[in-house]
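User: I am new to this structure and would like to learn how to read its features one at a time. Could you give me the general idea behind each feature and then the case at hand?

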Amino acid sequence: MENVVYDDRFNGNEWLVLGLMAAGLAGYLILPKRFSPMAAWFNLLIGVVIGLLFDHTIAVPPFDLYDVGDEAQYQWFDVLSYGMYAPFGYFFIYGIERFRLRSLGILLYIAVWALGGVGLEWVCETVGVFHYKNGYRLLYSLPIYFVTESLHLVMYRRLFKRH
Amino acid sequence: MVLVVNAILSWFTLAVFAVMPRKLPAAANTLAYMVLAIIDINKLSILSFHYHFFVISKQVPDFLSVILHRDIIISVTLLIFMNTTLQAKRRTVLWAGAGIYTYLLLLCWIMHLFGAVEYRDWGWEINGLLILLLMGLSWVLGRGFKSLGAGGGETWRM
């Protein structure tokens with residue numbers, strides 16, 4: 001695979017990743033705990049796993065729809081960058097439990113999070129965390145967010161809710 | 001061809017996992033899968049796309065077979081090993097471990113044989129060592145989750 005170097009400095013994209021991780025960690029520590037340790041770990045890890053599964057399937061050859069980070073090649077900082085997904089899964093379920101959302105409320109909530117996800121992805125693309133190629137467009141991520149957030153909620157309820 | 005082989009192996013691995021008696025709750029198995037997936041996906045990508053120790057085929061069917069191999073066959077086989085170590089006697093665990101180790105090596109050999117993964121600066125010794133490390137990690141995860149479960153039922157609730 002031919003490597004493409006987009007940038008070779010520690011700048012906007014790295015700061016955004018570290019900033020999101022720090023803000024996520026702060027939010028996690030500040031918010032009152034609502035989950036058991038296992039449920040908390042599940043909600044933290046699922047975003048990382050889904051991000052890895054998608055990126056390392058559709059963002060590598062032969063599909064190669066986008067690159068992550070400073071280079072087309074997988075870098076050590078890219079490994080760290082998946083940590084930025086962790087708090088989002090946690091906050092997503094936290095909001096549903098905190099506001100006791102049901103039926104239509106959940107649909108609206110998922111839609112808001114999906115749109116928020118696209119918005120954040122736009123920021124990430126702007127600062128150089130993502131580099132789309134081979135016809136991929138930001139809007140294509142929208143249905144992915146709808147599906148993955150719904151899947152997250154279904155799995156969480158099946159695994160951790162007793163009623 | 002390798003896609004067909006790996007699709008059948010995926011079914012087989014999932015079927016064995018579905019019918020086997022499991023020692024840990026579904027939540028623990030899911031968490032263990034997630035930890036193993038994070039390590040296995042990063043391992044494959046760093047070794048192939050960063051260090052170029054081996055090359056993954058760019059043919060779509062071959063590539064999809066690698067994805068099945070990575071995300072289903074290897075991870076679920078490690079879950080089978082993890083659950084086996086928690087419920088069998090020491091002697092059975094040793095035999096099961098040896099069997100699963102051989103099976104995992106065979107799976108890697110299949111990928112190599114059909115050209116889905118082409119080895120460059122890579123050897124079977126290091127491959128075997130990495131499989132042993134993953135099996136060791138599965139064993140540790142199993143023990144860890146079991147001790148958490150034994151510590152109180154609340155651990156697994158919301």
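Analyst: What follows takes salt bridges, cysteines, the backbone and surface patches in turn. This is a predicted model, in which local features need pLDDT of at least 70 and side-chain atom pairs count only at pLDDT 80 or more, while totals for chains, interfaces and linings use all residues. Residues are numbered from 1 along each chain as its sequence is written, chains are lettered from A and ligands numbered from 1 in the order in which they are written, and side-chain values use heavy atoms, with hydrogens and water left out.

User: How many salt bridges are there over all chains?

Analyst: Side chains of opposite charge can pair when their charged atoms come close. A salt bridge here is a side-chain nitrogen of Lys or Arg within 4 Å of a carboxyl oxygen of Asp or Glu, and by this rule the count is five over all chains. One of them joins A:Asp64 and A:Lys133, at 3.3 Å from N to O. A:Asp64 lies in the loop between H2 and S1 of chain A and A:Lys133 in the loop between strand S2 (130-132) and helix H6 (141-160), so this pair ties together parts that are 69 residues apart in sequence. Helices (H or I, at least four residues) and strands (E, at least two) are DSSP runs, numbered from the N terminus.

User: With which residue does A:Asp67 form a salt bridge?

Analyst: The partner of A:Asp67 is A:Lys133, with the closest N and O atoms 2.8 Å apart. Because A:Asp67 lies in strand S1 and A:Lys133 in the loop between S2 and H6, the pair links parts of chain A that are 66 residues apart in sequence. In chain B, a salt bridge is formed by B:Asp71 and B:Arg70, whose closest N and O atoms are 2.7 Å apart. Through shared partners, salt bridges join A:Asp64, A:Asp67 and A:Lys133 into one network.

User: Is A:Asp67 buried or exposed?

Analyst: Buried means under 20% relative accessible area, exposed over 50%, and partly exposed in between (1.4 Å probe, protein chains only). A:Asp67 is buried at 1% relative accessibility, and A:Asp64 is buried at 13%, whereas A:Lys133 is partly exposed at 21%.

User: How many disulfides does a search of the whole structure find?

Analyst: A disulfide is a pair of cysteine sulfur atoms within 2.5 Å, and the search finds zero over all chains. As for single cysteines, A:Cys124 is buried with a relative accessible area of 3%, and B:Cys108 is buried at 10%.

User: Which residues does a cis peptide bond join?

Analyst: The cis bond joins A:Pro61 and A:Pro62, with omega about 10 degrees, and A:Pro62 sits in the loop between helix H2 (37-58) and strand S1 (66-68) of chain A. In that loop is also A:Asp64, which is not a glycine yet has a positive phi, near 50 degrees.

User: Which residues form the positive surface patch?

Analyst: Patches are made of residues with over 30% relative accessible area and no salt bridge, with like charges joined within 9 Å and nonpolar side chains (Val, Leu, Ile, Met, Phe, Trp, Tyr) within 5 Å. The positive patch is formed by A:Arg98, A:Arg100, A:Arg102 and A:Arg157. A:Arg102 lies in the loop between helix H4 (86-98) and helix H5 (103-127) of chain A and is exposed at 53% relative accessibility.

How values were computed: Accessible areas come from the Shrake-Rupley method with a 1.4 Å probe; for residues, only the protein chains shown count as cover. Lys and Arg count as positive and Asp and Glu as negative; His and the chain ends are not counted. The place of a charge is taken as NZ of Lys, CZ of Arg, CG of Asp or CD of Glu.
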